[in-house]
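Today I am opening my notebook on the aromatic rings of a new structure. Come along while I look things up.

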Amino acid sequence: NEPDHYQLVSQGMLYDNKAEINDKSLISHLYDRPLSLSSQAIESYNSCRFKYFADRGLRPRLRQEYKIDYKDIGGIYHKTMEMVTDNVINNEGFLFENECVISQEIKEIARQAVNEIETQNDILNDNSRNQYIKDKIQKTAEISATYLIKQLQKSKFRPVLIEAGFGLENATLKPIQIEIGENEWAIVNGRIDRIDLYSSGDSNYVTVLDYKSSGRTVDLNEVLNGIGLQLFIYLDAVLEHNQNTLTENLAFGGMFYFQVSDPLIDGDKVDEHDIQEEIFKKFSLQGYVIDDLDIIKSMDTDLMAGESSKILDSIKLKQDEGLSSSSRTLGKSHLESIIAAIEDIVRDTAQGILSGRIDINPYQYKGKKPCTYCDYLAICQFDQALPSNQYRRINPKSEKDIIDSLKKGDGKTN
């Protein structure tokens, strides 16, 4: 049979590269009920629906490359931080040991963390280059753990839980349950790297902390577009769904990212005597704190009038000891509004997944795109030459504008 050239040309000209599930009965074979989600899954779906579908619906197996995997590196970092923090939980006196004793203990812990990964995958010793990388990873873990201890020495907050699971098997904490329809729920679970507590008056102030091997900040534009809500999900789990599991009268203290790194300091710009202080500031916590100066000073006991906190990245006091306008704080009502907006995002995400919405709709925000590191570009064939394949642009708003919109009950930021 001769091909219908007209039909072929028409199909080519009308091609729109849209993704959809025509047979909705297939959806039940892709996802379990009740739908179980993590913060990463929610962020993945809101980064690009098709990416989520490919990764967690189709689940293709990626070709394995023989190389040091970033998950192995992250595993070493997390294990080191976990074991060092566990020492503090079980023996608070460890914080105030001689500096040499602490240093030796941290080195031994980092060595154990590396050895544990080596038993699972010996690629770290495969050649001289990998052995060099292994030594650098271990050194980075040691330095980061050292400054983690230095932060705790200057804080009244103390770790109470590490690797705190919520909604997982044998988890300490209960999951987040979001109603998404009549007698239907979405279950949000996860694992919090560290939970700290500090008691003041009748309240127990809680902070949640996540370790990152790359720089990460909390951007409310990302949070309220569902692509950067990890720490708020953790707070929701602790404050709203486990109010009396940890202890009574829990209150928001802060939420932070701690970057595991080996900072470089320019010796030409920093005086030799100030190098250690500059390194300390490089490990300052990124995130938000409660708008209560007394609690903030409990997080950084060295904080003085007219100075910036060396522990809390965005916090600065004016000469009259008031907080500067650039300080990143949240009041109780603001936090409640954000968490309510996030639960709406989780509900919309779950309903979208279960209704089979798999649009190729990657976002673009401040130069960031999920396509940059996506494993499924060859499958989706996203092509900006097609009108239907365009980035979903997130227009940045100021923190003040976002907070004001939340006060009015509008959680949308774009």
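**Rings and their neighbours**

I found lysine 150 over the face of tyrosine 147, at 5.7 Å from the ring centre. For a charge over a ring, I need NZ of Lys or CZ of Arg within 6 Å of the ring centre and within 35 degrees of the ring normal.

A note on my source: this is a predicted model, where local features need pLDDT of at least 70 and side-chain atom pairs count only at pLDDT 80 or more, while totals for chains, interfaces and linings use all residues. Residues are numbered from 1 along each chain as its sequence is written, and side-chain values use heavy atoms, with hydrogens and water left out.

Next I searched the whole structure and got 10 aromatic pairs. Rings of Phe, Tyr and Trp (its six-membered ring) pair if their centres lie within 6.5 Å; planes under 30 degrees apart are stacked, over 60 edge-to-face, and the rest tilted.

I looked up tyrosine 147 with phenylalanine 280: this pair is tilted, with 6.3 Å centre to centre and 55° between the planes. Tyrosine 147 sits in helix H7 (residues 128-153) and phenylalanine 280 in helix H10 (residues 275-282), so the pair links distant parts of the chain, 133 residues apart.Are these two rings buried or exposed? Tyrosine 147 is buried, at 6% relative accessible area, and phenylalanine 280 is buried at 7%. Buried means under 20% relative accessible area, exposed over 50%, and partly exposed in between (1.4 Å probe, protein chains only).

I also noted that Tyr147 and Phe280 belong to one aromatic cluster with Tyr211, Phe258 and Phe283.
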